[in-house]
Amino acid sequence: MSRLSALSHRQQGLLLTGGGALIMAPDALLIKVADLPDAEILMWRGFLSALGFLLIALVRYGRGTLAAYRRCGWTGIAVALLFSLTTCGFVLGNQYTKAGNVLMILAGAPLIAAALSWVILKERLPRRTWMAIWLCMAGIAMIALDDAGAGSWVGNAFALMAATTLAINFTLCRTRPGIDMSPMLVFNGLIVGSVAGLFWLAGSEPSLPATNQLAVVILLCLVIVPCGVTLLQRGPLYLPAAEVGLLLLLEVVVGTLLAWWILAEQPAPMAMVGGVLVLGTLFAKGLYERRLELRLRAGVDPALRAPADQSSAL
């Protein structure tokens with residue numbers, strides 16, 4: 001913790017958000033590998049992730065856990081409801097259409113978040129951030145181009161719901177600066193698990209998944225999702241909503257690479273170019289902003305201090 005505290009506010013945000021995105025990278029792949037019906041995968045994801053989120057909250061806050069929930073207030077309830085819709089949209093999107101379609105649509109989350117932040121919070125993003133968003137979206141489009149015409153409109157609609165509610169979620173968190181909303185994700189899991197559980201019980205002869213499927217579900221829903229999403233949900237405490245969404249694209253690219261590797265899929269040359277474009281853009285942006293931060297700390301160019309301070313305050 002002391003090493004994390006030694007980092008700048010912005011560096012902490014980049015580390016937490018980027019780390020969460022990388023942890024979540026196998027998400028879409030493991031949903032495909034589990035190969036469970038809609039209601040069943042959502043039920044397991046909901047209840048197991050709720051347990052994981054609760055354990056993380058208890059470890060982080062101890063006796064202050066209830067106080068952490070009270071601080072979230074009504075905004076926290078809205079965050080839980082929004083993330084429930086994001087969860088359903090992402091999972092069902094992967095169930096009804098190809099992963100490439102879902103990832104391409106999810107790549108629109110940074111633009112949606114940027115627009116919402118500009119309208120609602122009056123946040124102004126630097127030109128470099130807008131440029132990075134457009135370059136990353138171009139790269140994601142290259143990755144998913146081969147799948148663009150093959151998806152179901154139902155799956156695409158679910159993916160759009162996931163992207164929109166995720167952007168609203170991050171923007172809403174920015175309205176309560178300094179308040180950690182991640183404990184409220186417990187209620188997201190309970191909502192998703194309860195609703196999906198009713199559909200699962202109403203189905204014909206509900207049964208437990210096979211051992212190998214259950215192992216994948218436990219790894220994904222009890223470990224990966226709680227750890228990764230907790231870090232992502234803390235991102236808006238440090239960074240603008242649009243930049244949190246931008247770093248989320250790491251999950252898109254790395255997740256696609258994992259699918260190519262694990263499922264032995266042969267990526268097209270254009271897809272490889274797209275992946276390099278996204279990762280290169282994020283790396284170049286991070287490197288430039290790190291150099292800018294060091295220059296400002298050293299007082300090399302005071303004229304740059306105002307816009308940098310504005311960006312860090314976002």
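Is Phe 187 buried, partly exposed or exposed? In this predicted model, Phe 187 is partly exposed, because its relative accessible area is 38%, a value that lies between the 20% below which a residue is called buried and the 50% above which a residue is called exposed. Phe 187 belongs to helix H10, and the surface around this residue is taken up again below, after the overall make-up of the chain has been described.

The protein chain contains 14 helices and zero strands, and its elements, read from the N terminus, are accordingly written as an unbroken series of α symbols. Of the 314 residues in the chain, 50% are buried. Among the contacts with a separation of 6 or more, 88% are accounted for by residues that lie 24 or more positions apart. The chain exposes about 14,900 Å², and 70% of this area is supplied by carbon and sulfur atoms.

Two of the helices can be examined by setting the distance between their end C-alpha atoms against the span expected at 1.5 Å a residue. For helix H2, which covers residues 9-23 and has 15 residues, the expected span is 21 Å, and the end C-alpha atoms are indeed 21 Å apart, so that the two values agree. The buried residues of H2 include Arg 10, Gln 11 and Gln 12, as well as Leu 16, Thr 17, Gly 20 and Ala 21. Helix H5, which covers residues 65-96 and has 32 residues, gives another result, since its end C-alpha atoms are only 38 Å apart, whereas a straight helix would reach 46 Å. A bend of about 90 degrees is found in H5 at Gly 73.

Helix H5 also takes part in a nonpolar surface patch, to which both H5 and helix H10 (185-202) contribute at least two residues each. The patch has an area of about 900 Å² and is made by Phe 47, Trp 74, Ile 77, Leu 81, Phe 187, Leu 190, Ile 191, Val 195 and Phe 199. H10 provides the largest share of the patch, namely five residues. Phe 187, the partly exposed residue with which this passage began, is thus one of the residues that make the patch.

Three salt bridges are found in a search of the whole structure. In one of them, the side chains of Asp 27 and Arg 45 meet with a distance of 2.8 Å from N to O. Asp 27 lies in helix H3 and Arg 45 in helix H4, so this pair ties together parts that are 18 residues apart in sequence. Both partners are buried, as the relative accessible area is 2% for Asp 27 and 7% for Arg 45.

Another salt bridge, also with a distance of 2.8 Å from N to O, joins the side chains of Arg 60 and Asp 180. Since Arg 60 lies in helix H4 and Asp 180 in the loop between H9 and H10, the pair ties together parts that are 120 residues apart in sequence. Arg 60 is partly exposed, with a relative accessibility of 35%, while Asp 180 is buried at 9%. Asp 180 further meets Arg 234 in a salt bridge of 3.3 Å, N to O. Arg 234 lies in helix H11, so this pair ties together parts that are 54 residues apart in sequence. Arg 234 counts as buried, with a relative accessibility of 15%. Through shared partners, salt bridges join Arg 60, Asp 180 and Arg 234 into one network.

Helix H11 (residues 211-234) also holds Leu 232, which is buried at 7% relative accessibility. Beyond its neighbours within four places in sequence, Leu 232 is in contact with Thr 17, Gly 20, Ala 21, Met 24, Phe 170, Val 244 and Leu 248. Of these partners, Thr 17, Gly 20 and Ala 21 are among the buried residues of H2. The C-alpha atoms of Leu 232 and Gly 245, which are 13 residues apart along the chain, are separated by 9.2 Å.

Two further residues may be set side by side. Asn 169, in helix H9 (residues 153-173), is buried, with a relative accessibility of 0%, and its contacts outside the neighbours within four places in sequence are with Val 79, Leu 82, Phe 83 and Gln 233. Asp 35, by contrast, is exposed, with a relative accessible area of 58%, and is found in the loop between helix H3 (27-34) and helix H4 (38-61). Although Asp 35 is not a glycine, this residue has a positive phi of about 50 degrees.

Key: Residues are numbered from 1 along each chain as its sequence is written. This is a predicted model: local features need pLDDT of at least 70, side-chain atom pairs count only at pLDDT 80 or more; totals for chains, interfaces and linings use all residues. Side-chain values use heavy atoms; hydrogens and water are left out. Helices (H or I, at least four residues) and strands (E, at least two) are DSSP runs, numbered from the N terminus. The bend at a residue is the angle between axes fitted to the seven residues ending there and the seven starting there. Patches are made of residues with over 30% relative accessible area and no salt bridge: like charges are joined within 9 Å, nonpolar side chains (Val, Leu, Ile, Met, Phe, Trp, Tyr) within 5 Å. Accessible areas come from the Shrake-Rupley method with a 1.4 Å probe; for residues, only the protein chains shown count as cover. A salt bridge is a side-chain nitrogen of Lys or Arg within 4 Å of a carboxyl oxygen of Asp or Glu. Buried means under 20% relative accessible area, exposed over 50%, partly exposed in between (1.4 Å probe, protein chains only). Contact means heavy atoms within 4.5 Å.
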